[in-house]
Amino acid sequence: MKAALKEQILTVLAEIPPGRVTTYGRIAAMTEGATPRLVARALRELPGGHGLPWFRVITASRKLADHPGADEQRRRLIDEGVAFDVRGRVSPERMWP
């Protein structure tokens with residue numbers, strides 16, 4: 001992945017406000033050429049201690065992606081006031097932008 005594209009992804013990620021979520025696809029649409037898969041890859045490659053709100057990124061179906069950090073992601077979102085319905089989806093009102 002080109003450094004400029006990764007920088008765009010991380011810049012968008014840093015702008016997601018607490019208590020809100022966005023999708024891999026929405027982040028990709030805010031860049032010059034990323035795809036949802038490239039966004040996921042950029043998140044997987046974040047170094048430890050980075051401080052970016054990776055946990056605010058969910059799938060287009062408004063669910064958490066199946067990954068090793070999903071339990072921590074759910075916990076962090078709940079701590080920010082994000083609720084999940086019985087199907088595990090986040091309310092559309094919590095979507096950003």
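In which helix is Q73 found? Q73 is found in helix α4, where helices are DSSP runs of H or I with at least four residues, strands are runs of E with at least two, and both are numbered from the N terminus.

The structure is a predicted model, in which local features need pLDDT of at least 70 and side-chain atom pairs count only at pLDDT 80 or more, while totals for chains, interfaces and linings use all residues. Residues are numbered from 1 along each chain as its sequence is written, and side-chain values use heavy atoms, with hydrogens and water left out.

**Helix α4 and its buried side**

Q73 has a relative accessible area of 1% and is therefore buried; with a 1.4 Å probe and protein chains only, buried stands for under 20% relative accessible area, exposed for over 50%, and partly exposed for values in between. Leaving aside residues up to four places away in sequence, Q73 touches W54, F55, V57, I58, L64 and H67, a contact being heavy atoms within 4.5 Å. Together with Q73, the residues A70 and L77 are buried in α4. These residues cover an arc of only 55 degrees around the axis, which puts them on the same side of α4; the arc is taken from the directions that run from the helix axis to the C-beta atoms. The cover over the buried residues of α4 includes β2 (57-58), whereas D71 and D79, on the other side of α4, are exposed.

**An aromatic pair**

Across the whole structure, a search finds 1 aromatic pair. The ring centres of W54 and F55 are 5.9 Å apart and the planes stand at 90 degrees, so the pair is edge-to-face. In this scheme rings of Phe, Tyr and Trp (its six-membered ring) pair if their centres lie within 6.5 Å, and planes under 30 degrees apart are stacked, those over 60 edge-to-face and the rest tilted. Both W54 and F55 are buried.

**The largest pocket**

W54 appears again among the residues nearest the centre of the largest pocket, with A40, L43, R44 and H67, in a lining of 14 residues. A pocket here is an open set of points on a 1 Å grid over the protein atoms alone, where a 1.4 Å probe fits and protein lies on both sides within 12 Å along at least five of seven lines, and lining residues have an atom within 4 Å of a point. The volume of the largest pocket is about 340 Å³, that is, the space filled by probe spheres set on grid points joined across faces, edges and corners. Helix α3 (residues 36-44) gives the largest share of the lining, 3 residues.

**Backbone geometry and the segment after α4**

Most residues other than glycine have a negative phi, and most peptide bonds are trans. The table lists three places where the backbone angles are of interest.

| Place | Angle |
|---|---|
| G81, just after α4 | positive phi of about 90 degrees |
| R62, not a glycine | positive phi of about 65 degrees |
| W96 to P97, cis peptide bond | omega near -15 degrees |

R62 lies in the loop between β2 and α4 and, at a relative accessible area of 22%, is partly exposed. P97 belongs to the segment after α4, and A83 is also placed in the segment after α4 (70-79). A83 counts as exposed because its relative accessibility is 51%. Beyond residues up to four places away in sequence, A83 touches R89, V90 and S91. Between A83 and G19 the C-alpha to C-alpha distance is 9.5 Å, although they are 64 residues apart in sequence.
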